[in-house]
Amino acid sequence: MPSNEQNAQHFLLGAVAGQAEFILDELKSHSDCLRAEIAGSYRRGNETLQNLDFLVATSHPEAVLDFFTQLPEVTTIITREPSHASVVLDTGVPCELKTVSNAAFPFALIDLTGNQEHNIALRRIARQQGYRLTEQQLTPIDPPNTPATREIHDEADLYAALGLDCPPAELRENQGELQAAAEHQLPRLIEIGNLRGTFHNHTTASDGQNTLIEMTNAAIELGLQYLGIADHSKSSTQCNGLDEKQLLNQLRDIRNINENFTDENIDFRLLAGSEVDIHEDGSLDFNDELLSQLDYSVASVHHAFELSESAMTQRIIRAVENPHVTMLGHLTGRLLLKTAPYPVDIPTIIDACAATNTIIELNCNPWRLDMDWRWWKLAKEKGVKCAINPDAHRAQDFDSLFFGIKIARKGWLTAQDVINCLPRDQMLQALQVKRP
Ligand SMILES: [Zn+2]
Ligand SMILES: [Zn+2]
């Protein structure tokens, strides 16, 4: 992982998303804007990015480019051409705007969205079928012998013209999506509306900023049907971790609050969990007797990051072999652009989780997004389930679920792969699978 200085030109997805969506809305509101999209790595849902690529279909590029370069968020104009502008925002994020005709929009959008390997592979497929694909059009290479393409109005039309289903933007990384698109085997990816609840969240009992009641109310407000509380355990003294007595008190409070909910009034339940520390030798911060009283536990590494890869791998394997470890929290401990992941053999951990029915967390804190999206396809193939967890330290952090969904989609996950999508009864059963 490069150092902080080398990463000076990278930005977290979570840090740019608010401003990116705001500017997109501004562009869409312009009377000369026919269609607009943020393409590039933002649209693919990459965890970090170097710039934002806006694309607008318009018949009046001058007017749209004037509007864009005069937005209050723009501090520097780098270049301004007839159909393109390059600027820097007040947040330091470089931004490009390209304008195209409405007819060229789907071609430009596909070109600006896929990574380089996806685009090269797509052009090769077009060539094999007798067409030349550019960022502006799809034309027969040998017109008398190749039929003209049907009209192309959007991305799906263009992929369809090549015999392909339209891969969701997050998949356009040349990781098998074009083959799946040709075989009509693309997965139906998870969506934010599929989430019914979430598991790894903190309160003021440890290092959170909102009380148990405040977190509960925020989750109900959000329309969730269950919220798991997993405060830190006693060894995480820097995070005000709970000792056994405090955890049992919290368990009692949670059961008491749940008394207020019946299926007739509010379709909601709290779950009592713990983010239990994994000690250096792989043992846990609480004994099995205590853990068995909880609804679940999230086991996480919070100290002794400097172990060798094999020692760290063995440490985590020992933890997931415990029948009371329901899920594994933030697998590599990375903080994007800040702290490198500790060395750990991820395929071996995935195998251990598959063998023990341990769920792996997709921690959706924008600094973490851990386990990395590049491993989820493998985990899914091995039958490992995912829990999308905001690791919320305040109610506002539930917003991170948006990024968790982006990364889950990037990892080819469907609602069937993610336990947060289960109705409450089935979810509770899923949490019990490992227990004796
Ligand atoms: Zn943690
Ligand atoms: Zn946590």
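## Close-up views of a predicted model

**View 1. An open sheet of five strands with two helices across it.** The 5 strands of this open sheet follow the order 2-4-7-6-5, with mixed pairing, where two strands count as paired if DSSP finds at least two bridges between them, and where helices (H or I, at least four residues) and strands (E, at least two) are DSSP runs numbered from the N terminus. Strand 2 (35-38) and strand 5 (74-81) are the edge strands, each pairing on one side only. Neighbouring strands of this sheet are turned by 20° against each other on average, direction ignored. Strand 2 and strand 4 (residues 52-57) run antiparallel and are joined by 4 bridges, and Ile38 has Phe54 in strand 4 as its bridge partner. Helix 1 (residues 13-29) lies across strand 2, strand 4, strand 6 (84-89) and strand 7 (94-100), and runs at about 15° to strand 4. Helix 4 (residues 105-113) lies across strand 2, strand 4 and strand 7, and runs at about 170° to strand 4. For these angles, axes are lines fitted to C-alpha atoms, for helices over the stretch in contact, and angles run from 0 to 180 degrees between N-to-C directions; contact means heavy atoms within 4.5 Å.

The model is predicted, so that local features need pLDDT of at least 70 and side-chain atom pairs count only at pLDDT 80 or more, whereas totals for chains, interfaces and linings use all residues. Residues are numbered from 1 along each chain as its sequence is written, chains are lettered from A and ligands numbered from 1 in the order in which they are written, and side-chain values use heavy atoms, with hydrogens and water left out.

**View 2. The zinc site around Glu275.** Glu275 (OE), His302 (NE2) and His330 (NE2) coordinate the zinc ion (ligand 1) at 2.1 Å; donors are N, O and S atoms within 2.8 Å of the metal (3.2 Å for Na, K and Ca), and because water is not among the atoms, sites may look incomplete. Along the chain, the donors of the zinc ion (ligand 1) follow the spacing E-x26-H-x27-H. The pair Glu275 and His330 links distant parts of the chain, 55 residues apart, with Glu275 in strand 13 (residues 275-277) and His330 in the loop between strand 15 (327-328) and helix 12 (346-356). Glu275 also bridges the zinc ion (ligand 1) and the zinc ion (ligand 2), which lie 3.4 Å apart. Both Glu275 and His330 are buried, a term that means under 20% relative accessible area, with exposed over 50% and partly exposed in between (1.4 Å probe, protein chains only).

**View 3. A parallel sheet of three strands and the helix packed on it.** In this open sheet, 3 strands follow the order 10-11-12 with parallel pairing, and the edge strands, each pairing on one side only, are strand 10 (197-198) and strand 12 (269-272). Strand 10 is joined to strand 11 (residues 226-229) by 2 bridges, with Thr198 opposite Leu227 in strand 11. Helix 15 (residues 424-432) packs on the sheet and touches strand 11 and strand 12, its direction making about 5° with that of strand 12.

**View 4. Strand 12 and the crossover that leads to it.** Strand 11 and strand 12 run parallel and are joined by 4 bridges, and Tyr226 stands opposite Arg269 in strand 12. From strand 11 the chain crosses through helix 9 (residues 244-258) to strand 12 in a right-handed β-α-β crossover, right-handed meaning that, with the strands pointing away from the viewer, the path from the first strand over the helix to the second runs clockwise. In a regular strand the side chains alternate between the two faces of the sheet. From strand 12, Arg269 and Leu271 point one way and Leu270 and Ala272 the other way, and all are buried.

**View 5. Strand 17 and its cysteine.** Strand 16 (residues 359-363) and strand 17 (residues 386-389) pair in the parallel sense over 4 bridges, with Leu362 opposite Ile388 in strand 17. Strand 16, helix 13 (residues 376-381) and strand 17 make a right-handed β-α-β unit. Cys386 and Ile388 point one way from strand 17, whereas Ala387 and Asn389 point the other way, and all are buried. A search of the whole structure finds 0 disulfides, a disulfide being a pair of cysteine sulfur atoms within 2.5 Å. The sulfur of Cys353 lies 12 Å from the closest cysteine sulfur, in Cys386, which is too far for a bond. Cys386 is in no disulfide, and the nearest cysteine sulfur, that of Cys421, is 8.7 Å away.
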